[in-house]
Amino acid sequence: MPEGDILRRAARTLDAALAGQRLVRAELRWPSAAGVDLVGATVLGTVPYGKHLFTRFDDGRSLHTHLRMEGSWRLVRTGTPAAQARSPWVRAVLATAEWTAAGHRLGMLDVLRTEDEHTVVGHLGPDVLADDFPGPGLAEALRRVGERGDVPIAEVLLDQRVCAGIGTLYAAESLYARRLWPWTPAGQVTDVPSLLMTARRLM
């Protein structure tokens, strides 16, 4: 599954192509969002949170997507054959006059008011890659780790409700870098701040 670093890279890529541009085509091939019309909206930007993406528009709405195991966003030039996005795996198409972004094999998709984004990610822990993580974010993650007691530290790292964005790869790499046995109870790990900051640094 793509982890927080991949989501941030995807957000930057989408921003470079779509931010500040008006949509001339928008298709949401998802049952609950099939009737949503985004054509004419201007893309303000795409914001990652953990493993989630929010593409925000100037009309106060956001497109929320999650890549799950196999999802990806792909960019091609508008007007090229690839921009037709005919693959049965394409779940979303957002196109400006210059670029077309196609969401392949997306695992989650919905449109909501931007002010309601917290209803999707509010239960998650702080984003390990957020700007405030070395401060308030880290403090909150430490509080949540402290509540897990005898749960193995590897399981705690993977729990998005504790700290969002860390997946299997970076959990394993971080534990190895700190020479921690994955099944060590969370309550017995003596330097959790270094472990979490190692994950952030590696990502």
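**Sheet β1-β6-β7-β5**

I began with the open sheet of four strands in the order β1-β6-β7-β5, where the pairing is antiparallel. The model I am reading is predicted. At the edges of this sheet I find β1 (25–28) and β5, each with a single partner strand, so one side of each has no neighbour in the sheet. On average, neighbouring strands here are turned by 20 degrees against each other, direction ignored.

I then looked up the pairing of β6 (residues 90–95) with β7, which is antiparallel and runs over five bridges. For valine 90 I noted the bridge partner in β7, histidine 104.

**The loop after β7**

From β7 (99–104) I moved into the loop that leads to β8, where arginine 105 is placed. I checked the backbone of arginine 105 and found phi near 50 degrees, a positive value in a residue other than glycine. Is arginine 105 buried or exposed? I get a relative accessible area of 33% for arginine 105, so I enter it as partly exposed; the class lies between the cut-offs of 20% and 50%.

I also looked for a ring under this side chain. Arginine 105 lies over the face of tryptophan 89, at 3.9 Å from the ring centre.

**Sheet β2-β3-β4-β8**

The next entry is another open sheet, of four strands in the order β2-β3-β4-β8 with antiparallel pairing. Which strands stand at the edges? They are β2 (43–49) and β8 (108–113); each has a single partner strand, so one side of each is left without a neighbour in the sheet. From one strand to the next, I note a twist that averages 20 degrees.

I followed the pair β2 and β3 (residues 52–57) and counted it as antiparallel over six bridges. Valine 43 has phenylalanine 57 in β3 as its bridge partner. Across β2 and β3 lies helix α1 (residues 4–18), which runs at about 175 degrees to β2.

**Threonine 46**

I picked threonine 46, a residue of strand β2, to see what surrounds it. Its relative accessible area is 6%, so I put threonine 46 down as buried, the limit for that class being under 20%. Leaving out residues up to four places away in sequence, threonine 46 touches Ala11, Leu14, Asp15, Leu53, Phe54 and Thr55. With threonine 55 there is also a polar contact between the two side chains, at 3.0 Å.

**Histidine 66 and arginine 68**

Still in this sheet, I turned to histidine 66, which is placed in strand β4. At 8% relative accessibility, histidine 66 counts as buried. What is histidine 66 in contact with, neighbours within four places in sequence left aside? I list Met1, Lys51, His52, Leu106, Gly107 and Met108.

I next checked the polar atoms of the histidine 66 side chain. One of them lies 2.9 Å from the backbone nitrogen of arginine 68. Arginine 68 itself is in the loop between β4 (61–66) and β5 (72–77). Its phi is near 55 degrees, again a positive value in a residue other than glycine. With 40% relative accessibility, I class arginine 68 as partly exposed.

**Helix α5 and the rings**

I looked up glutamate 173 and found it in helix α5 (residues 168–177). Glutamate 173 has 40% relative accessibility and counts as partly exposed. How far apart are glutamate 173 and threonine 96? I record 77 residues in sequence and 39 Å in space, C-alpha to C-alpha.

I then went back to charges over rings. The charged end of arginine 179 sits over the ring of tyrosine 176, 4.5 Å from the ring centre.

My last search covered the whole structure for aromatic pairs and gave one. The pair is tryptophan 181 with tryptophan 183, whose ring centres are 5.6 Å apart and whose planes stand at 55 degrees, so I enter it as tilted. The cut-offs behind that label are under 30 degrees for stacked and over 60 for edge-to-face, with the rest counted as tilted. Tryptophan 181 and tryptophan 183 are both exposed.

Terms used:
Residues are numbered from 1 along each chain as its sequence is written. This is a predicted model: local features need pLDDT of at least 70, side-chain atom pairs count only at pLDDT 80 or more; totals for chains, interfaces and linings use all residues. Side-chain values use heavy atoms; hydrogens and water are left out. Rings of Phe, Tyr and Trp (its six-membered ring) pair if their centres lie within 6.5 Å; planes under 30 degrees apart count as stacked, over 60 as edge-to-face and the rest as tilted. Buried means under 20% relative accessible area, exposed over 50%, partly exposed in between (1.4 Å probe, protein chains only). A charge sits over a ring if NZ of Lys or CZ of Arg is within 6 Å of the ring centre and within 35 degrees of the ring normal. Two strands pair if DSSP finds at least two bridges between them. Helices (H or I, at least four residues) and strands (E, at least two) are DSSP runs, numbered from the N terminus. Axes are lines fitted to C-alpha atoms, for helices over the stretch in contact, and angles run from 0 to 180 degrees between N-to-C directions. Contact means heavy atoms within 4.5 Å. A polar contact is a pair of N or O atoms within 3.5 Å; within protein, one must be able to donate a hydrogen and the other to accept it, and residues adjacent in sequence count only if both atoms are side-chain atoms.
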